Amino acid sequence: MYPGSFDPITLGHDDIVRRSLKLVDRLIVTVAYTATQVKQPLFEVRERVELLERVYADEPRVEVSSFQGLLVDFARSMSAPIIIRGLRAVSDFEYEFQMALMNRSLWPEIEVIFMAPASQYTFLSSSLVREVARLGGRVADFVPPVVLDALIERVGPSVAGE
Ligand code: PNS
C-alpha cells in the first residue's frame, strides 16, 4: 500500500509507484482523509482519487482508493501489511521514522519500505507544487499531464507556462 495526501500526485510520487511495482505484484495507492501535514488543500479527496485513477488507468496492478481513520486499520482491512513511503532527503527521515514506528506499534505485522526517488525529484513536493501553482508559476515539469490539465482548470493557464 502506498498512502499519502497526493494533493496532487507529482512525478515524484509516480516515480515511487513505478519503482514499487518492481517489488510488489499489486499496489494500492490510497488517499488519506486525515493527513497530518496538509494545511490548505487544493483538491478534494474525491478529485485526488479521480486524478490518480486517470494516471493509472493503464496500469492494472495499481488500485486507487481513499480511507478515513488510521492507516493501519485500513491496511489491515485490505490485508496489505506492506507500506511504501518515499524518502527524499534526511529531512524526511525523522517524520517518516516516527510514523513507521507508531504504525508498527499499532499493528505489529506491518512492514514499512522507504524508497528513494530519482534524483531529479528529490526537491519536489505536493505542497511546493500547490504553492507555485497558486502563485501563478509553471509546474508542467513536476506533475503528470492529467494533473496539469486539472491545475490549469483550477488556477489558470500560467501553470503550463504558456
Ligand atoms: O503524503 P503525506 O501527507 O506525507 O502522507 C501522510 C499520511 C497520509 C501517510 C499520514 O498522515 C497518515 O497515515 N494518515 C492517516 C491517519 C493515521 O494513520 N495517522 C497516524 C500516523 S502514525
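Leaving aside its neighbours within four places in sequence, which residues is D92 in contact with? In this predicted model, the partners of D92 are G86 and L87, once those close sequence neighbours are set aside. D92 belongs to helix α4, which covers residues 90-106. Its relative accessibility is 12%, so D92 counts as buried, the cut-off for that word being under 20%. The side chain of D92 also has a polar partner: one of its polar atoms lies 2.8 Å from the backbone nitrogen of R88.

Let's step back and take in the whole chain. The protein chain has 6 helices and 5 strands. Read from the N terminus, these elements follow the order β-α-β-α-β-α-β-α-β-α-α. For 162 residues, a compact globule would have a radius of gyration near 15 Å, and the protein chain agrees with this because its own value is 15 Å. The C-alpha trace spans about 50 × 35 × 30 Å along its principal axes. Of the 162 residues, 47% are buried. Among contacts with a separation of 6 or more, 71% are between residues 24 or more positions apart. The accessible surface of the protein chain is about 8800 Å², and carbon and sulfur atoms account for 53% of that.

Now to the inside. The largest nonpolar core holds 36 residues, and Y2, V17, L27, V29, L52 and L151 have the most contacts inside it. Two or more residues each come from α1 (11-20), β2 (27-32), α2 (45-55), β3 (62-67), α5 and α6 (145-155). The element that gives the most is α2, with 5 residues. Another core lies apart from this one; it has 12 residues, including F67, V72, F74 and I83.

L151 is a good residue to click on when you explore the largest core. Not counting residues up to four places away in sequence, L151 touches L42, F43, V129, A133, V139, V143, G156 and V159.

Two of the helices that feed this core can be followed residue by residue. In α2, the buried residues are V45, E47, R48, V49, L51, L52 and V55. The cover over them includes α1, β2, β3 and α6. Helix α1 is mostly covered as well, with 7 of its 10 residues buried. Those buried positions in α1 are G12, H13, D14, D15, I16, V17 and S20. At the N-terminal end of α1, T10 acts as a cap, with a side-chain oxygen 3.1 Å from the backbone nitrogen of G12.

Which residues come nearest to the ligand? Of the 15 residues around the ligand, the nearest are S5, T34, T36, L71 and R85. For some of these, the polar atom pairs are set out here.

| Residue | Part of the residue | Ligand atom | Distance |
|---|---|---|---|
| T34 | polar backbone atom | nitrogen | 2.9 Å |
| L71 | backbone N or O atom | oxygen | 2.8 Å |
| R85 | side-chain N or O atom | oxygen | 2.8 Å |

On its own, the ligand has 540 Å² of accessible area, and the protein covers 85% of it. The contacts in the table come from both backbone and side chain: T34 offers a polar backbone atom to a ligand nitrogen, while R85 uses an N or O atom in its side chain to approach a ligand oxygen.

Another arginine to look at is R130, found in helix α5 (residues 126-134). Is R130 buried or exposed? With a relative accessibility of 8%, R130 counts as buried because this value is under the 20% cut-off. The side chain of R130 reaches the backbone oxygen of D7 at 2.8 Å.

To finish, return to helix α4, which also contains L101. Here the accessibility is 42%, so L101 counts as partly exposed, whereas D92 in α4 counts as buried at 12%. L101 and E111 are 10 residues apart in sequence, and their C-alpha atoms are 9.6 Å apart in space.

Definitions and conventions
Residues are numbered from 1 along each chain as its sequence is written. This is a predicted model: local features need pLDDT of at least 70, side-chain atom pairs count only at pLDDT 80 or more; totals for chains, interfaces and linings use all residues. Side-chain values use heavy atoms; hydrogens and water are left out. Helices (H or I, at least four residues) and strands (E, at least two) are DSSP runs, numbered from the N terminus. Buried means under 20% relative accessible area, exposed over 50%, partly exposed in between (1.4 Å probe, protein chains only). A polar contact is a pair of N or O atoms within 3.5 Å; within protein, one must be able to donate a hydrogen and the other to accept it, and residues adjacent in sequence count only if both atoms are side-chain atoms. A nonpolar core is a set of buried Ala, Val, Leu, Ile, Met, Phe, Trp, Tyr and Cys residues joined through side-chain atoms within 4.5 Å. Contact means heavy atoms within 4.5 Å. A residue is near a molecule or strand if one of its heavy atoms lies within 4 Å of it. Accessible areas come from the Shrake-Rupley method with a 1.4 Å probe; for residues, only the protein chains shown count as cover. The radius of gyration is taken over C-alpha atoms; the globule rule is 2.2 Å times the number of residues to the power 0.38.
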